[in-house]
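Student: I have a structure open and want to test the labels people put on it. Can we go through some of them?
Tutor: Yes, label by label.

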Amino acid sequence: TVDRLANFNVSFRWEGKQLITNYNIVKTSWRDIITTEAGTFTLDPTLSSGTITIIEDRTPGVNYYRGDFSWTLVYLNGDARTTVDQSGSFYGYDCPWSSTETHRMSVSVMNDDWGLQYEIRPSVTVNKVLQYTRNEPTAISFEGNYKEVLQNIAGLKYDIYVKPITSWDEPDAGEASIQRENTFEQLPEPDLSFMRGNAAEDDIRKLFAMKILDGDPYYYMPSQAITRGQFYTALAKTIKLPIQSAEESRTPSTAYLFNDVDSTMPEYPYIMAIVNAGIAYGRDTGDFGFEEPIQRQEAFVVLVRALGLTNLGLNPTAATFFSDDAQIADWAKREISVALQLGLIAPDSEGRVMPEAYITKGEAAALFNTFIEYMRNVLVSDYAEHIVNIAK
């Protein structure tokens, strides 16, 4: 059995959009008593210490964080003393489509008679998976629908470096996983019968089911160019930016942020949220360009900004790997190189990215689904599988 109480003094400070938090143990109230068949081990707070420090980077679409910790725990059992030293780091993120946290912890347990040293790598992952279920009855009004499955998975790996030879006959390495009960949410099935057979049908169906697109699907024709207003509204919904209600947004100072976007428009709160998050900006003329078609290079840039991963890119003036690199605006090259690196975009058969072309609604739907898939699964692999499986 374990009887444990730990209080911390917590201090934090903001550095731009980064939050730095420090946790220091309060020794006067620290209690830790472990009772086993071999006896009772009582923590001596005067000989023990513990600290945790975390830095968070709160980007528009993803909150990234990492931390470091160090503990020295001294337990007394009669005249015997056992010292546990723990140190390591952890990495995590959370976004609307998934979250994960993975630790790398080095531990040593020492007393007068024996010692044990090992590394443990626990991780916890939650992600939303989209599944389509086709209905079995023939006489039913809709063929099927999507559902979101919220999956919860925890696991760990361990490697033992030094162990008591005389009392330990377990493997030097191992792993375990625990999958908790999943939860389900049924999503509505939009009527897209008018575009049956179109290459963009499935991508558009997913976005309407997830309420990233709304309204009458008939007006979302795949071959039409998507406007800046439509694209940014869908992006705000995709990353679930916090928005004010229309009433909250309609203040004298903000009711007409742009000449072409006023507070009576249903898209107004989403455009406000996008601008406040620093993802997009207006024109020098005072317009947002709400009804203007969005170029491919602009769409790619703002997706990388939403992920907060611009720093992964090349110098803004460096050449990309696309054959039409000369047509890419200097302000877009860095983010486009990141989008290629992350797998959000790919060159066509001639190696082009066609930066100045307008993006169609069908292409935008495919791009948003690729973007969501990155947040659902690729981030998880980088933060969980990569760190857990990295060579010791």
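Student: What is the bridge partner of Asn-24 in β6?
Tutor: In this predicted model, Asn-24 bridges to Thr-51 of β6.

Student: What makes β3 and β6 a pair?
Tutor: Pairing needs at least two bridges. Strand β3 (residues 18-25) and strand β6 (residues 49-58) have seven, in the antiparallel sense. They therefore count as paired.

Student: How do you know that β6 pairs with β7?
Tutor: The cut-off is again at least two bridges. Here 10 bridges join β6 to strand β7 (residues 63-77), and the two run antiparallel. Glu-56, for one, has Tyr-65 in β7 as its bridge partner. β6 and β7 form a hairpin, with four residues between them.

Student: Why are α2 and α4 called roughly perpendicular?
Tutor: The axes of helix α2 (residues 228-238) and helix α4 (residues 268-276) cross at roughly 75°. Angles of 65 to 115 degrees count as roughly perpendicular, so the label fits α2 and α4. Their axes come within 9 Å.

Student: Which residues meet there?
Tutor: From α2, Gly-229, Tyr-232, Thr-233, Leu-235, Ala-236 and Lys-237. From α4, Tyr-270, Ile-271 and Ile-274. By class, this contact has six nonpolar, two polar and one charged residues.

Student: Why is α4 described as largely enclosed?
Tutor: Buried means under 20% relative accessible area. Seven of the nine residues of α4 are buried, so the rest of the structure largely encloses this helix. Among them are Ile-271 and Ile-274, which also meet α2.

Student: What follows α4?
Tutor: Gly-278, with a positive phi near 75°.

How values were computed: Residues numbered from 1 in each chain as written. Predicted model: local features only at pLDDT ≥ 70, side-chain atom pairs only at ≥ 80, totals over all residues. Heavy atoms only, no water. Axes fitted to C-alpha atoms, helices over the stretch in contact; angles between N-to-C directions. Parallel < 35°, antiparallel > 145°, perpendicular 65-115°, else oblique. Contact = heavy atoms within 4.5 Å. Nonpolar A, V, L, I, M, F, W, Y, C, P; charged D, E, K, R; others polar. Buried < 20%, exposed > 50% of the residue type's maximum accessible area, 1.4 Å probe, protein only.
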